[in-house]
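User: I would like to work through some features of this model, one question at a time. Please reason briefly before settling on each answer.

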Amino acid sequence: MPEDIDNPQPGEKPFGSVEEVSSGFAEHGYITDNRLATTVYLQSRLDKPLLLEGPAGVGKTELATTLAAVTGRKLLRLQCYEGQDESKALYEWDYGKQLLYTQMLRDKISEIIADAPDLTSAIDRISAQDSVFFSDRFLAARPLLEAIRGEEPAVLLVDEVDRADEALEAVLLECLAEFQVSVPEIGTYTASTAPYVVLTSNNTRDLSAALKRRCLHLFLDYPDHERELEIVRSKRTGLPENLADQLVGVVRQLRELKLRKAPSISETIDWARTLAVLGADELNAAVLSDTVNVVVKYERDLQQAMSVIGELDDPNRVVPEQLPSRGHGHGHGHGHSHDHEHEHDDGREVRAAKDRPGRHDEGYYGSPGSGPSTPPQRTGGQGHRSFGAATRRRS
């Protein structure tokens, strides 16, 4: 008989079927397909970590937070970064607290060594008390240890594990395989209730085979049109259905471009909310151009995005393969007519005049047999050189 997932008890199996995964996630605003729902169901049944790989912004992190909400578990997050020390992932000793207790118990220590016959005996007596200061009382648990030893069942999110060094990746292996953490001064902690572990990767580097072997694996890509529209609809952005449908189509066109960063699903939702706030009643090139910065975050991507948006006014318009440069006030001759033969002749005459001997003085850079007495001074960029050339032509 299917289990009730309306109010699941932390630590219990919350899902009775794949369909219950889909419905439970949908109630919390996360739309899954059958493959994703099946993987989450297997994770909850097999108690295996789940490794999610794919481009940024496809809902990997959101899946972990939704899983915690659906199951009623505590969410613990380890954000990985380059150079991260294992103490930030596992545990640290609270040295400040240890020092404070040592000062408070100074008198008690004096009593312990008061009748010690020599220094060696006094040190031995103090050493016998080491276990007091290296105990659970002074252990500062970080996300990995907290997920294992915590009394409350948890969802452990190891976010962007591909950004971590391989040394930290090795530390994860014991935790993921046995759901335990070893503390040399104390012993081994083993989870009474195995946490649900979700690891995410944006594929900035390859993860080790040992790590992947311990995990269920799923690659998340951008959704198809219908599913992304369903996601936008579920977020209640306020944008009319027909405009949301058009917007998803525009975003999907942008993703087909060679952008430095493709628009994420969350940015599609943000764009829909932006257009709803502005009261857009149609998606024309003007309103999209004014708001495209919501999804396009790099200047060099903007021109490509504008070419796609421009096609909305005229779907049959042919976008040139190379757009003219914005640094000059002309198109380097590409926009001039070449229908008449005499225009070609005029062009050849102008070029020939530029190359005639004596046009420049002997000190001109590149003239035969001469050169500048001092290295040329870099007084400006490309725009400055263009201005200088124009001045010489007028002279």
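User: Which residues in helix 3 are buried?

Analyst: This is a predicted model, and burial here refers to a relative accessible area under 20%. What covers the buried residues of helix 3 includes helix 1, helix 2, strand 1, strand 2, strand 5 and strand 8. The buried residues in helix 3 are Lys-60, Leu-63, Ala-64, Thr-66, Leu-67, Ala-68, Val-70 and Thr-71.

User: How many Å apart are the end C-alpha atoms of helix 3?

Analyst: Helix 3 runs over residues 60-71, and its 12 residues, at 1.5 Å a residue, should span 16 Å. The distance in the model agrees with that expectation, since the end C-alpha atoms are apart by 17 Å.

User: Which residue in strand 9 does Leu-52 stand opposite?

Analyst: Strand 1, residues 50-53, pairs with strand 9 in the parallel sense over four bridges. Along strand 9, Leu-216 and Leu-218 point to one face and are buried, whereas His-217 and Phe-219 point to the other and are not. The residue opposite Leu-52 is Leu-218.

User: Are helix 12 and helix 13 parallel, antiparallel, perpendicular or oblique to each other?

Analyst: Helix 12 (residues 241-255) and helix 13 (residues 265-277) pack with their axes 11 Å apart and at an angle of about 135 degrees. Among the residues that meet are Leu-247 and Val-251 in helix 12, with Trp-271 and Leu-275 among those in helix 13. Angles over 145 degrees count as roughly antiparallel and 65 to 115 as roughly perpendicular, and the two helices are therefore oblique.

Note on methods: Residues numbered from 1 in each chain as written. Predicted model: local features only at pLDDT ≥ 70, side-chain atom pairs only at ≥ 80, totals over all residues. Heavy atoms only, no water. Buried < 20%, exposed > 50% of the residue type's maximum accessible area, 1.4 Å probe, protein only. Pairing = 2+ DSSP bridges. Expected span 1.5 Å × (residues − 1). Contact = heavy atoms within 4.5 Å. Axes fitted to C-alpha atoms, helices over the stretch in contact; angles between N-to-C directions. Parallel < 35°, antiparallel > 145°, perpendicular 65-115°, else oblique.
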